[in-house]
Amino acid sequence: MSGAALGLEIVFVFFLALFILHRYGDFKKQHRLVIIATLLAWYLCFLIVFILPLDVSTTIYNRCKLAVNSSPAEGNGSYVTPAPSKQKCFKPWSYIPDGIMPIFWRVVYWTSQFLTWILLPFMQSYARSGGFSITGKIKTALIENAIYYGTYLLIFGAFLIYVAVNPNFNLQWNQLQTIGIAAANTWGLFLLVLLLGYGLVEIPRSHWNGAKRGYLLMKTYFKAAKLMTEKADAEENLEDIMEEVRKVSESIKYNHPLRKCVDTILKKCPTEYQERMGRNMDDYEDFDERQNSYPSEKSLAKLHKQVIYSVQRHRRTQVQWQILLEQAFYLEDVAKNESSATRQFVHTFHSQEPENKLIQYFYTPTVEWYWECLLRPWFYRVLAVVLATFSVIVVWSECTFFSTKPVLSLFAVFIQLAEKTYNYIYIEMACFLTIFFLSICVYSTVFRIRVFNYYYLASHHQTDAYSLLFSGMLFCRLTPPLCLNFLGLTHMDATISHKNTQPTAYTSIMGSMKVLSFIADGFYIYYPMLVVILCIATYFSLGTRCLNLLGFQQFMGDSEMTSDLIDEGKELIRREKRKRQRQEEGETRRREWKERYGNRDDSTRSRTVHTDQKESSFSETNANRPLSKYTRSNGRTERDRIELLQDAEPLDFNADSVNDDPLESDSGR
């Protein structure tokens, strides 16, 4: 099993990152380089989280071997752990051979740092560029990142000059490398504590509120009102941009040098706008530079950038609106079915997507009723209590992990108890649950935050390239300090435990932080205590209240603006529900009409022809009767009317098509 656990986790984490990226990104429409870069960034960050517990268990085993093989006299006090018996020092099932983990961590860490500080910022500017060629996009990206890269080079150059001039400093390359790592981790730790303080409170609270049906439904109404405003704004913005594209397309004719740029812009427009502009265009009219003023290539690049952004935003709001409608309809169904006497879940609308037959077999309406109406609220409450307990333990450990005598950090107590018995399974599970919970608190906040319309991770393949790359940057900057913070909480970091023991392979590549003592002994220890203040602020929703005062509508139960938006959203959902009911009723009537009369058309027509033949022979024999021709013509007219009624389909009632003006009824007929 040597190295097998490492290989399995490498493969598993790759498919996990690929699955999550597929949920948010669009593999068909987005550029392959964007998908590959984002996948690599997410994969490396998730890999660090999953592999670190194996590093901890391997380090504990190596410490055991060194304690057994070295006597106190030979060690000169280098290892304070007493030498256990050889029966206890057995190899863990997930043991990784010596020399693999340092190389592995070095490759993973420096690749992630190259992505977050150099490649991903450049690709962000490249993805948002409106250039029409690769060279133009690269040029735009370099210009936009010149200030970004120049700032770091200026700081680094000033630091090198200071070190070279000051005779008290005698830094080597390893120490410069450690200083660079410390600077990156300091920036990441600053952002990490902010996101962690929000996630430690919001995740348990969101699961507790998930058990409240009325709360979720009211919040959905609130989201519907806000999303409708954003949807209308996106449609209006798209109309304005398409109007500018139409004017440019009409002014720049087929033989103009910039016509290729206009064609590139038209390809990014929605199909209905492309057809409309194609009908209104006269390709056989030559252009005249002396009579008309034409836009420049720079202005076309700006228009191209606006088209890409507006189309993406419009598509995202349309998809989110449909998803929100389905969620609102389902929550209303749950509220109705709670008082059901039959204890079978009844849906107002059938699912538009085909369901799996296996799920339909086991997840019957009765099982769905018991889960949605009885079990799910209690499950969410129990899960919220467990998560809140974890949050309290994390906050306590963040405030006390620097204390080594006595050990106050609960995570360090758990690991040290397992280390005495060398229970590697327990060590790995405790480490994994701890770092997994910390990662969920931080990463979920990254997925939830929204910086206006510039950064927004939207599910169902609606995230743009800029937001995907920005999330990769955040993950690569947050994961290394997150892992160092975890090692500090468990006292596996020698800087925190103050023990001269063998460090983990992960901390060995970070170097000794004693080069910057004010960071190692000050910022890394006391700054995480700020998480207490952030948790209190999140619990009382201070950030939400501040945003609400600034004009950004947030969901608050005691706000008059929130109540107005809830009423507005409730009315919007009611309208969409009536609209969908009319559509389904119309489809049901058409289907019933076809099932009732569709198969009888042929038999009716053959029977009509046979009757006509009989009547014609009857009329010939009774030609002397004066009223026979009138009777025959009237009978055929009646039969024709019956055939027309049988072939017709019922019409749906549409309130919009009713004309109240009697003067316009003739044109309607």
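These are my notebook entries on the fold, surface patches and backbone geometry of a predicted model.

**Entry 1: the chain as a whole**

I began with the secondary structure, and for the protein chain I noted 24 helices and two strands. Of the 669 residues in the chain, 39% are buried. I then looked up how contacts are spread along the sequence: taking contacts between residues at least 6 apart, I found that 79% join residues at least 24 apart. For the surface I wrote down an exposed area of about 38800 Å², of which carbon and sulfur atoms supply 60%.

**Entry 2: a patch of negative charge**

Which residues gather in a patch of negative charge on the surface? I listed Glu-236, Glu-239, Asp-240 and Glu-244. I followed up Glu-244, which sits in helix α7, a helix that runs over residues 213-251. Its relative accessibility is 40%, and Glu-244 counts as partly exposed because that value falls between the cut-offs of 20% and 50%.

**Entry 3: a nonpolar patch**

I next recorded a nonpolar surface patch of about 400 Å², made by Trp-93, Ile-425, Met-429 and Leu-433. Trp-93 belongs to the loop between α3 (72-75) and α4 (100-128). With a relative accessible area of 42%, Trp-93 is partly exposed.

**Entry 4: a cis peptide bond**

Turning to the backbone, I kept in mind that most peptide bonds are trans and that most residues other than glycine have a negative phi. Where does a cis peptide bond occur? I found one joining Lys-405 and Pro-406, with omega at about 0°. I placed Pro-406 in the loop between α12 (365-400) and α13 (410-421).

**Entry 5: two histidines with positive phi**

I looked up His-461, which is not a glycine and yet has a positive phi of about 65°. This residue lies in the loop that runs between β2 (455-456) and α15 (465-489). His-461 has a relative accessibility of 32%, and so it counts as partly exposed.

I then turned to His-491, where phi is again positive in a residue other than glycine, at a value near 60°. His-491 is placed in the loop between α15 and α16 (494-497). Is His-491 buried or partly exposed? At 7% relative accessibility His-491 counts as buried, because the value is under the 20% cut-off. For my own record, then, I set the two side by side: His-461 is partly exposed, whereas His-491 is buried.

Note on methods:
Residues are numbered from 1 along each chain as its sequence is written. This is a predicted model: local features need pLDDT of at least 70, side-chain atom pairs count only at pLDDT 80 or more; totals for chains, interfaces and linings use all residues. Side-chain values use heavy atoms; hydrogens and water are left out. Patches are made of residues with over 30% relative accessible area and no salt bridge: like charges are joined within 9 Å, nonpolar side chains (Val, Leu, Ile, Met, Phe, Trp, Tyr) within 5 Å. Accessible areas come from the Shrake-Rupley method with a 1.4 Å probe; for residues, only the protein chains shown count as cover. A salt bridge is a side-chain nitrogen of Lys or Arg within 4 Å of a carboxyl oxygen of Asp or Glu. Lys and Arg count as positive and Asp and Glu as negative; His and the chain ends are not counted. The place of a charge is taken as NZ of Lys, CZ of Arg, CG of Asp or CD of Glu. Helices (H or I, at least four residues) and strands (E, at least two) are DSSP runs, numbered from the N terminus. Buried means under 20% relative accessible area, exposed over 50%, partly exposed in between (1.4 Å probe, protein chains only). Contact means heavy atoms within 4.5 Å.
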